[in-house]
Amino acid sequence: MKKRIGIFILSTVVMLAFITTSAAQSDIPDSMEFQGQGIEVTLEQAIEYMLKDNATIAKSHLDVEQAEMQYKKERNTLKELKSIPGANRTDTLAYRENRLFEMGMDFKKADAQRVHDATVEGLKADVEQAYFNLLQAQQLKEINGQNVAVAEDLQEKTKTKFELGLVSKQEVLRAELNYIKAQTEYKSAENMLKGAKMLFNIKIGYNVMDEVTLKDELKYKEFEMGSIAEAVEKALTNRREAQAVQFSYDLEKMSMELADKKYEDFMYAYREQKIKLGKALEDLETTRKSIEMEVRTNYLEVMQKQEEIKSGEKAVEVAQEALKLSQISYEAGMSILTDVQQAQLALLQAKLGLSQAILDYNLAILKFEDCIGIGRAQVSMGR
């Protein structure tokens, strides 16, 4: 029995020693404070960091290389097919069959590159959104810090008025509660900032708790929208889904020309191909209209957010003046504490609303630019 107890104790000691050693060797910070000197980054630099040694992009590169290898093999096959007598005459079946084969191989090669480009754009978009969200989180912390200062000043003035016998104890307690609420909201903003910073670090490939400082600011800068017609045309030219439906239509159109040569118009194969061509044309028109609508909708969204920012700026201006007047009135004994607190809350909400409007505006611009480009692939972040 004693021997068993001794073995148990020895095993426990060894296990504890192993756990202690492992904990000591771990590089996981035992703190919620960010580590290091802090690296300053612009949005462009953040994207560069993300692109460096990114596993998702590396895999996408391999997919492009694989498509190019397949393309070379198919080129050799096509060369053999074209060497068949009569295959180069445009009025022969062999020519049209070879053309179908060539169209398919060209599209697969080009599409592999488009998928890669869309993958890169998707990863960039993730970083851009995380960057702007972090900027706003920093701004919200600053706004709530300003609110704490207002609440603290109000609390001190209320205490002074109480000592002079101008207000009741109840009003002092209300001022204290207002100050505590402001501190709580500030702490919440701090935690939101930490969450946004951790997510940003993950997006660009840093350690979760690395310290990082953003060089840019979340502010309104008017965006030159340009011609909506040109934007739609760019989208129809660049978007991968537009290229895909255009290829499908061209393929079915060529197949229809082939069917004209092979079948009579009353035969099932001919009628089937005619239906396929009609469906391809319908898909083409529907997709182009859908893309145009998306571009126009995103265009309107940017314009709307611009107006919301102008409205938000005026709301902050009005709220600041209202708070100033209510503070003066309270100090002169012409208003009560609740009036000042309401004005304080109105200013806080106006500032928060303006901050959100600026964030929404910047994200709307990114979304608009994205919808007229190659588009995005739905990828998970990886390194």
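Let me start with the second largest pocket, to whose lining helix 4 and helix 9 each supply at least two residues, helices here being DSSP runs of H or I with at least four residues and strands being runs of E with at least two, both numbered from the N terminus. I should say at once that this is a predicted model, in which local features need pLDDT of at least 70 and side-chain atom pairs count only at pLDDT 80 or more, while totals for chains, interfaces and linings use all residues. Residues are numbered from 1 along each chain as its sequence is written, and side-chain values use heavy atoms, with hydrogens and water left out.

A pocket, for our purposes, is an open set of points on a 1 Å grid over the protein atoms alone where a 1.4 Å probe fits, with protein on both sides within 12 Å along at least five of seven lines, and its lining residues have an atom within 4 Å of a point. The second largest pocket holds about 300 Å³ of space, where a volume is the space filled by probe spheres set on the points, joined across faces, edges and corners. Of its 16 lining residues, Q138, Q139, E142, I143 and L218 lie nearest the centre, and helix 4 gives the largest share of the lining, six residues. By class this lining divides into six nonpolar, four polar and six charged residues, with Ala, Val, Leu, Ile, Met, Phe, Trp, Tyr, Cys and Pro counted as nonpolar, Asp, Glu, Lys and Arg as charged, and the others, Gly among them, as polar.

The largest pocket contains about 460 Å³ of space and is lined by 17 residues, with L43, E44, F132, K221 and N362 nearest its centre. Helix 2 (43-51), helix 4 (93-163) and helix 9 (337-371) each supply at least two residues of that lining, which has eight nonpolar, one polar and eight charged residues.

Turning to the aromatic side chains, a search of the whole structure finds six aromatic pairs, a pair being rings of Phe, Tyr or Trp (its six-membered ring) with centres within 6.5 Å, stacked if the planes are under 30 degrees apart, edge-to-face if over 60, and tilted for the rest. One of them, F107 with F247, is stacked, at 4.0 Å centre to centre and 5° between the planes. This pair links distant parts of the chain, with F107 in helix 4 and F247 in helix 7 (residues 240-262), 140 residues apart. F107 counts as buried because its relative accessibility is 16%, the cut-offs being under 20% relative accessible area for buried, over 50% for exposed and partly exposed in between, with a 1.4 Å probe and protein chains only.

In Y131 and F132 the ring centres are 6.4 Å apart and the planes are at 85°, so that pair is edge-to-face. Both Y131 and F132 are buried, and ring pairs link them with F200 into a cluster.

Y131 and F200 appear again in the largest nonpolar core, which has 58 residues and in which Y131, F200, V295 and F368 have the most contacts; such a core is a set of buried Ala, Val, Leu, Ile, Met, Phe, Trp, Tyr and Cys residues joined through side-chain atoms within 4.5 Å. Helix 9 provides the largest share of this core, 15 residues.

I will finish in the loop between helix 2 and helix 3 (55-82), where D53 lies. D53 has a positive phi of about 55° although it is not a glycine, and D53 is exposed, with a relative accessible area of 67%.
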